[in-house]
Structures are given as C-alpha cells and as structure tokens.
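Reader: I am new to this structure and should be grateful for a close look at a single part of it. Please choose a stretch of chain, explain how its pieces are joined, and then place it within the whole.

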Amino acid sequence: MDKQWKTLREQIPVPDSLQPEKIEQMLRKQQKERPSLHAGRLANRIAAAAATLLLLLLAANILRGMVFPPKNTDKAESEQIASIDENASSGNEQDSMPGISELPEQTMPHTSYAKLEKAISNYYADAGDLSSYGNIEKDDAMPENEMAASATQSASSAGGTRNTDTAKQAGFTKTDLQVQGVDEGDIVKTDGTYIYSCTENAGGTIIHIYHADGRNTKKACKISIPKISVSEMYLDQNYLVTVGTSWDDPENSSSASSSSSQKRAGCDIGYKNGNTCISIYDISDKKEPKKLFKKKQSGFYYTSRKNGKYLYTLSTMYADPAGDQGDKSSFVPSADGCVLPEEQLYLPDHVASNCYLVLTALDVTNGSTFTDSLSVLGGGEICYVSEKHIFVAASFLNDTSKTAISKYRYENGKLNALASETFNGMLHDQFSMDEYDDTLRFVATTYHKNGATSNGLYVLDQNLNMIGSVDNLAKGEQIYSARFLGTRAYFVTYRNTDPVFLADLTDPAHPVIKDKLKIPGFSEYLHTYGDDLLLGIGRSQMKNGSMQVKLSMFDISSDSSVTENHKKLLEKETNSMAGNNHKAVLVDKERNRIGLCVYSFRDDNRSGNGGCSYRIYSYNDKGFHSIAKLRPKDLSMSARGLFIGHYFYLVDDIAGSSGIHVYDADTFKKV
C-alpha cells in the first residue's frame, strides 16, 4: 500500500521547488546520475495508479504491480491499424506532459534473510500444484492446436542506432550482436588469426584452438575442462573466458537436502543446482594457454554479456526451504563461496517463486574477485542488455499469462537493482525488448484462460511504469520474432498467415501501428540487411502440412509501410537454427552473403533419411541466389560459418564430427 500511495503522490503536479532545474541542482549535489524520462500524459498515469490501488483494495490476492487494463474488444482487428488502445488513451485527450521530465531513477530496497526464508517457505507451502506458480515454458500456456514458437536468444538496437551488420569487421566474422558494444558469448570465436571452438564430451568440455591459415589451417592446441559444461566463450585480446555449469562439484552444497525438504513441503520437485563457473585463460602463447582464475556463483548458467573488460554473468538457483539448522546456503545464493549479504539481496513484492536470479560482475583482465554481485528472488527466462541496463523477464501463470520485468543498471563492474514490475503477457525472446531514450519497449503475447491469445506493443518509462500501448492485435496468434530500429518496431505474429507489423514509436506515449503485411508462413528471426532491407528467416507450411524453411527480404525504406520484395522457399529443408540462436546465422551485407545451417528429412541423392547442410545465399534486386551447399560428413545444426580474409571456415566440433572445414571464400571449393 505504501508503494501505491507513493505512486499516487508522484503524479501530483510538481511544485516550483521540484522543477527539473531545481532537481538537477539537488542531484548534482548528491552526485547521482538521473537519466531522462519520457513521460506520458499526467491524467493517464493518475488513472493507472488509482486503478491499481482500487484493485489492491478489492482483491488482495491479485499480484501487485502495473498490469495491462482490459481493452475494448468490439473493434475488428483491421480497425486497430493506426490507432492505440482506447483505455490507454482515456482521460483528457489533449492533455500531455510537455517534453521530457527529469525524474530520479528508482532503486529496489534490499531485503533480509528472514523475509527470504519466509517467502520461500510460503512458496513451498502453497506449491502443491506447481502449474500456477513460478516460471513456466511458453508451450505450457498455448492452446493445443497452436504451433509452439521456437525460443530464440537475442536482441535489438539501442540508443537510436540501427543494428549494424556485425558479420564482417576488420576482414573477419565476429559474433552477431544484439547491441553494438555489448559482446555476447558463443561456442565459436575468432580473432582473425586463430579460431576457438568449444565442444562437450562425457568428461566435460574441450576447447580447440586452430591457426586459421587457409589450406594450411592446423590445430594449435586443446584445453580440457573436466566436469564443466561450457556454454559460451569470450575473447579479450590475450584472454579467453569460458562460462558454463559444473554438475559435479564438491563445493556445491546447495540442494544437498532438497529431497527431504521438498517432501516436507508437500512436493517432490527434484531440482538439483549446479554452480556457474567462469574460467579465464592467458592465451598469449597459443600452444600453451595458462589458466589464471576460476570463479563460481550459485545456480545453473543462464546467460552473460561483456562490455569493455567486464563480464556480467547471470545464473538461476532453485532454493530449498531453510534447513533444520538454519543453514543459509540452502536458501541464499553464494558468489565465490560466500553467501551473499543482505544488502545484495532483493525480494520484489509480486514474487511467488523459489528461483533466484544471481548476477555478478568480473574484470576478465584481473579476475581475482568479483567486482560486484547481487541476487533477486524471482528468476528469469529472457535477458536483454542495452549499453547501460540489464532487463530480465520471468513469466508465470495466474488467471492469465504474466511477466515480471526487472531492471538493473551496470557500469564499470558495478551493479544496481532498480525496479521490478509485473505485466500481462509473455515475451518470446530477447529481441522482444529494446531500450531507447530511457524507455523500454517490448512486444508480448497474452495467453488467456479460455485458450485465446492476443498481442501488443508496450512502452515503459525508466521506472517501468507504462506510458503507452497498443494491443488486442492478431487475436488467436502469437509473436514469433521482433526487431526494433530506432523509432520503428517490426514484429511478426503467426497462426495461418504471417502478419508483419510496422509500429511508429516516435511518440512513446502514443505508439501507432502503421502497417500490417499478411503473407504465408512466418519469420522466426529478423536481421537488418543494409539501411532499407530486413531479412526474415523462418518457415512456411506446405500443402501436405509439413514445414519448409523460408527466406524473406522486406523493404523497410518507408516510415509507413512494409513490403516483401522477395522470398525463397527451401522445399526439402524443414528447419534451421535461426529461431533458436541468432548467433548460428551469418549475415554479411558487405560480402553479400547469408549463411545458415538447415535440416532436411530427405537428401537430394537419397531416398531415406536426410541430414544437415550449410547453405550460403546472396541477394540482389532479383531475389535470393544460392551460392553454395556444403555437406561435410556428420554436420551438426550448431555448426558456425565465418569468413577470414579469402577463406570461409565451417566449424563443427561436435563429438564425432570432422572439426573444421576450409573453403575458398569466392568459389566455396574445399581447400
């Protein structure tokens, strides 16, 4: 209630003493950074806060936090174009906040061990039917006749800059990034001279280092990492960083008594935590790398990002109820073997979960200690990282699908928990979120209790208060992909056809749908191809009901319309990795090359089973053109393709495969 009254007080017109210039003086005195805020209309914010307070008074069991208000469902879907939701624009239609308000950025209050222990115990006491609590997979909420969307990883543009093509920089391919300047880990990395490849085996993980020299390419060395499943790697000059989960660790005491404690709580979940491990190697001598540091934090490895020399690692830990002796390690995360102190622990008021999100910062050039760490009860499924903030979304079910979005600030190895709010709907992947001018824009699909679905675009201010929305779009469908480009948003929904929506976000308080293009199939991944083109990689359903891989090139040169210039259907190819991991796709506009691994149930020369092949295409004003079909023996879907100088390298170090394959970059003849 205190929070709600505080929210209401914040809506009152600002007196002279609190005008922006006065606040700026005060903030400078306090030496705290206060980013600018796009404010919506004052009447809307008062109405939204009052409505939330009324709901709290009437129904104590409703989750606190901002929720999407019910919408007018009388209008047909076509009438939603170029309009925003009526309830979102109710009130004094002509009253709006003048310009951008300078408001302080909120921070989350930290919690205590006692409150966390109580919250976790309450969760287990209420968790007889776990289907209504905690994190869920999207497929669990879908109607049975709805095709499940692939869970993809990654992103969008930030700070008003369009995503630049990252495939070719300084003559060699780099990892495809969501936000320029924010590095993402992958299973294959290159510095332009050496290629680093990671593969798991029965005993752990092996890192192979190859000297990339065309036809003279050879293996320089390998690094064996026992008992750790390495998920991703990073390069920082002479440092190699690996991140993953240890499943057989004597220091892993968390969940040691999980079975008995869960049975005491009336449920038998059987969770077992690992430790997330970060290892740093000195690779200045490629033939004899030296391990410098190994850092640990509680929970399964979730994801990470690297900005400058700092690595920010996220893991998820499932907590037990407190042990008989009050052992904090059973229900509180640790970093570097030490239970986190109370001032680094947070408990949002809308949480019903036993899952922690653990977040650490580490200087990879001097990894002796974590530079900062924190943990929030509530877990996370989808992570988007801008140049200055980390946003984590965790979905759960109540009467409808809901998502809690948490916001963290990071800078030079320091972390701050800022805000956490709950909204209707579920996000598809990290490309569903984007930060622009201190606002967070996201697209979400709401799964209703009766099995119906609807979709919308939403805008939050820097404190995660909603300031604009347009929803009730594409009823009966769900979002499959999205891409934010400055003040424009493109997103794809699907059931039987592929509506590609174009939204104008010039006024964040009043987003407007400008166009909706309906075409067969759907795009699982969207990537810019120069300034005026948007590449879509997805699938289309054939007459016999089976799926085929589809390439689309959309014209996005207009601010008010989107068209499909060309498409290419890969008739025998049924699937690609584009919808699961954008880093498996090669998009190189400068070379005019698009590369991806595809799977076929039938091969051109076989009557039985098919397999994987790596396809390379070019594009011009006449459409897509096949450049190469590479079929090395036992190729896996996780293979990565990259250019270095005059050669193309297909790297596939999955156990049993033949490792690395080298081709001429022009003819694609194997050398």
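Author: Two strands are said to pair if DSSP finds at least two bridges between them. With that in hand, one may turn to strand 19 in this predicted model. Strand 19 and strand 20 form a hairpin, and three residues lie between them.

The pairing of these two strands is antiparallel and extends over nine bridges, with strand 20 covering residues 401-411. One of the bridges sets Ala394 against its partner in strand 20, Ala404. On its other connection, strand 19 is reached from strand 18 by a hairpin that also passes through three residues. Strand 18 covers residues 382-385 and runs antiparallel to strand 19, to which four bridges join it. Within this pairing, Tyr384 stands opposite Phe391 of strand 19. Strand 19 thus has a hairpin with strand 18 and a hairpin with strand 20.

Is strand 19 enclosed or open to the outside? Eight of its nine residues, which span 389-397, are buried, so the strand is largely enclosed by the rest of the structure. For the protein as a whole, buried residues make up 58% of the 671 residues. In soluble globular proteins, nonpolar side chains tend to be buried together. Here the largest nonpolar core has 37 residues, and Ile390, Tyr408, Met433 and Phe442 are those with the most contacts inside it. Of these, Ile390 falls within the residue range of strand 19, and Tyr408 falls within that of strand 20. A separate core of 26 residues lies apart from the largest one and includes Leu116, Phe331, Val332 and Phe370.

Tyr408 also leads to the next piece of the picture, for it is one of the residues in contact with Leu374. Leu374 belongs to strand 17, residues 370-377. Its relative accessibility is 2%, and a residue is called buried under 20%, so Leu374 counts as buried. Neighbours within four places in sequence aside, its contacts include Leu340, Gln344, Tyr346, Leu357, Val358 and Leu359, as well as Leu415, Asn416 and Ala417. Leu374 and Leu415 are 41 residues apart along the chain, yet their C-alpha atoms are separated by 7.5 Å. Contacts between distant positions also appear in the overall count: among contacts in the protein with a separation of 6 or more, 58% are between residues 24 or more positions apart.

Strand 17 is itself a member of an open sheet of five strands, whose order is 11-12-16-17-15 and whose pairing is mixed. Strand 11 (300-307) and strand 15 (345-346) stand at its edges with a single partner strand each, so one side of each has no neighbour in the sheet. Further inside the order, strand 12, residues 310-318, pairs with strand 16, residues 355-363, in the antiparallel sense over nine bridges. Ser315 has Val358 of strand 16 as its bridge partner. Val358 is also among the residues in contact with Leu374.

A polar residue can be followed in the loop between strand 21 (414-424) and strand 22 (433-436), where Gln430 is found. With 1% relative accessibility, Gln430 counts as buried. Its side chain forms a polar contact of 2.7 Å with the side chain of Gln178.

Two other loops deserve mention for their backbone. Most residues other than glycine have a negative phi. Lys227, however, has a positive phi, near 65°, and is found in the loop between strand 6 (218-226) and strand 7 (228-236). Asp634 likewise is not a glycine and has a positive phi of about 60°; it is found in the loop between strand 38 (623-630) and strand 39.

Strand 39 in turn opens a further sheet, an open one of three strands in the order 39-40-41 with antiparallel pairing. Strand 39 (640-644) and strand 41 (659-664) are at the edges with a single partner strand each, so one side of each is left without a neighbour in the sheet. On average, neighbouring strands of this sheet are turned by 25° against each other, direction ignored. Strand 39 is joined by five bridges to strand 40, residues 647-652, and Phe643 stands opposite Phe648 in strand 40.

As for the whole, the protein comprises six helices and 41 strands. Its accessible surface comes to about 27,600 Å², and carbon and sulfur atoms account for 47% of that area.

Notes: Residues numbered from 1 in each chain as written. Predicted model: local features only at pLDDT ≥ 70, side-chain atom pairs only at ≥ 80, totals over all residues. Heavy atoms only, no water. Axes fitted to C-alpha atoms, helices over the stretch in contact; angles between N-to-C directions. Core = buried A, V, L, I, M, F, W, Y, C linked by side-chain atoms within 4.5 Å. Buried < 20%, exposed > 50% of the residue type's maximum accessible area, 1.4 Å probe, protein only. Polar contact = N/O pair within 3.5 Å; in protein donor to acceptor, adjacent residues only side chain to side chain. Contact = heavy atoms within 4.5 Å. Areas by Shrake-Rupley, 256 points an atom, 1.4 Å probe, with all protein chains shown as cover.
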